[in-house]
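Work through the following exercises with the coordinates open, and try each task before reading its solution.

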Amino acid sequence: MERKSFLKSLLVGAFSTPVLITACNTEEVSPAEGSTDSDSGTVSNPGTSSSSCTVAPTETEGPFPTKVPASYVRSDITDGRTGYKMTANITIGNTNNNCAGLADAIVDIWHCDAAGNYSEYGGSGMQSTNYQSVHFLRGRQTTDANGLVTFTSIFPGWYSGRATHIHVHIYNASGKSLKVTQIAFPEGDGTAIAAVNGYEKGLSGYTYNSRDNVFSDDTAGVQIAQVTGDTTNGFELSIKLNVAA
Amino acid sequence: MENRVITLCYRKVIDANATKAWDKLVFEDSYREFKMQAQLYNQDNKYRSFAELLQHVPGAEQLHFLVSAAVTGYLQTLNEVVPDIINNLGKHFLRFNKYQFEIINSDLQNKSRHQVAFNFYSEPLVWHETIGNYLLVSENKAASSEMLTDLFQLQPYLSIYSLTTEA
C-alpha cells in the first residue's frame with residue numbers, strides 16, 4: 001500500500017471504526033465463526049473439571065509463573081541461520097516532531113533466510129520444544145532515546161518475484177500500529193546485493209527494485225537503506241523511517 | 001506379545017475464565033500480541049474478529065504462529081511436563097516435546113472473546129491394560145523385569161493422538 005493512503009486509512013480508521021463496528025457487528029456468532037471449531041463452553045477449566053472423576057492434583061505448588069516477554073524481543077535474531085552477518089540500525093523519526101528520533105516505539109522486523117524462506121508454521125503446525133529456532137529471523141526491539149534499534153542478523157536471501165527486502169512494523173509504546181513498511185537494498189556494482197550474489201541461487205531471475213511491486217514506485221529511493229561492508233566482515237545497514245506518532 | 005505404543009494429545013484451552021496464574025499470563029500476553037499482529041492484516045480496520053480475518057485476509061492464518069511467540073516462553077517454564085493431567089496418585093506424569101499453539105477465537109474489541117489453546121503431544125507410552133476407566137501405561141523404553149507404570153483416566157480434552165503396534 002502506498003504510504004500516504006495507508007496513513008490516511010489509519011486516520012480514517014481511528015475515527016470511523018467505532019461507528020462501523022456498532023453498525024455491522026453484533027455479539028451474535030457469525031457463520032464464519034462457527035466454522036472455526038470452538039465454543040467449548042462446557043468445560044472451562046479442562047483437566048480440573050469436576051465432571052471428570054479424577055483425583056485432584058496433590059503436588060508441591062509451582063512453578064510460579066512470572067511474566068515472560070515475547071520470544072521476538074531480542075537483538076540477535078539469527079537463530080543459527082547461516083549467511084553473511086548483517087547489523088541493521090533502524091532509526092524511527094516522528095514526522096509530528098520535525099522527524100526527531102521517536103523513543104519507546106516498538107519495532108518488529110522479519111526477513112527470509114539465505115535460501116529465501118521465512119519462519120512460519122509448516123504443514124502440521126506442530127512445533128518441537130526446541131523453541132529457540134521457531135521464530136528465526138524475526139525480532140522486536142524498543143527504540144532508545146534517539147529512536148534507534150539495532151538487530152544482528154544475516155543478509156537476507158531472495159525469492160521469486162521480490163527484490164531483497166526486510167519487513168518492518170512500527171508500533172507506538174502501547175502497541176498501536178504506526179506503519180507497516182519494507183526496507184529495500186541498493187543495487188549495482190559494488191553493492192552488498194552484488195557481493196552476496198544471491199547466495200547459492202545466484203541472481204538469475206532476480207527481481208530488481210525497479211520491477212518490484214512494492215519498491216517500483218519509490219523513485220526517490222526513500223525505502224532504500226544505506227548498506228556498507230563486505231562478505232568477510234559482514235554488512236551494516238542503516239535507515240531512518242519516519243512515522244506520524 | 002505386541003506392544004501398543006500411543007501418544008496422547010492434551011488440548012489446553014485458555015480463555016477469559018482462566019484462574020491459574022500461568023493461564024492468565026498466557027491469556028493476557030496472547031491477546032496483546034494478537035491485537036498487535038492483527039494490525040498487519042487489518043490495515044483498513046475493517047475486521048474485528050479472528051474469524052473475519054481468517055475468512056477475508058490472505059495469510060491471516062499465520063496469526064497462530066505469530067502470536068505464539070508471545071507465549072512460547074511460558075511453555076519453557078513447564079519443563080516439558082504437560083500441565084493439568086495427573087495420574088491416579090495426583091501427580092503430573094505426562095511429558096511432551098511437541099506442541100501446537102492455536103487461536104480459537106478472538107475479537108479486537110472484546111477481550112472476553114479471546115480464546116487460545118495449546119495442544120501438547122506426549123512422548124510415546126506403552127499402553128498395557130485398560131482397567132475400568134483407567135489406562136495403564138509406562139514409558140516406552142527397553143523393558144526390564146519390573147516396569148514403572150502410571151494409571152490415568154481419559155478426560156475431556158485428552159485424547160489418544162497416535163497408535164503404533166510393535167512386535
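A charge sits over a ring if NZ of Lys or CZ of Arg is within 6 Å of the ring centre and within 35 degrees of the ring normal. By that rule, the charged end of A:K201 sits over the ring of A:W158, at 4.9 Å from the ring's centre. In the same category, the charged end of A:R81 sits over the ring of A:F136, 3.6 Å from its centre. The model used throughout these exercises is predicted, with scores of ipTM 0.87 and pTM 0.83, and chain B averages a pLDDT of 94, with 99% of the residues scoring at least 70.

**Exercise 1. Sheet order**

Task: In what order do the four strands of the open sheet in chain A lie, and which strands stand at its edges?

Solution. Begin with the pairing: the strand order is β5-β3-β7-β8 in chain A, and the pairing is antiparallel. Next, look at the ends of that order, where β5 (138–142) and β8 (177–184) of chain A each have a single partner strand, so that one side of each is left without a neighbour in the sheet. From one strand to the next, the twist averages 20°. Then examine one pairing in detail: strand β3 (residues 106–110) of chain A is joined to β5(A) by five bridges, and A:D108 has A:R140 in β5(A) as its bridge partner. Finally, add the other chain, whose helix α1 (residues 21–41 of chain B) lies across β3, β5, β7 (165–171) and β8 of chain A and runs at about 125° to β7(A).

**Exercise 2. Classifying two aromatic pairs**

Task: Is the pair A:Y118 and A:Y159 stacked or edge-to-face, and which kind is the pair B:Y10 and B:F120?

Solution. Over all chains, the count comes to 14 aromatic pairs. For A:Y118 and A:Y159 the ring centres are 5.8 Å apart and the planes stand at 70°, which makes the pair edge-to-face because planes over 60 degrees apart count as such. The two residues are 41 residues apart, A:Y118 being in the loop between β3 and β4 (127–128) of chain A and A:Y159 in the loop between β6 (148–154) and β7 of chain A. A:Y159 is partly exposed, at a relative accessible area of 23%.

For B:Y10 and B:F120, the centres are 6.2 Å apart with the planes at 15°, so this pair is stacked. Since B:Y10 lies in strand β1 (residues 3–15) and B:F120 in strand β3 (residues 115–122) of chain B, the pair ties together parts that are 110 residues apart in sequence.

**Exercise 3. Surroundings of the stacked pair**

Task: Are B:Y10 and B:F120 buried or exposed, and which residues form one aromatic cluster with them?

Solution. Both B:Y10 and B:F120 are buried. The cluster is made up of B:Y10, B:W22, B:F96, B:F101, B:F118 and B:F120.

Technical notes:
Residues numbered from 1 in each chain as written. Chains lettered and ligands numbered in written order. Predicted model: local features only at pLDDT ≥ 70, side-chain atom pairs only at ≥ 80, totals over all residues. Heavy atoms only, no water. pLDDT = per-residue confidence, 0-100. Pairing = 2+ DSSP bridges. Axes fitted to C-alpha atoms, helices over the stretch in contact; angles between N-to-C directions. Contact = heavy atoms within 4.5 Å. Phe/Tyr/Trp six-rings, centres within 6.5 Å; stacked < 30°, edge-to-face > 60°. Buried < 20%, exposed > 50% of the residue type's maximum accessible area, 1.4 Å probe, protein only.
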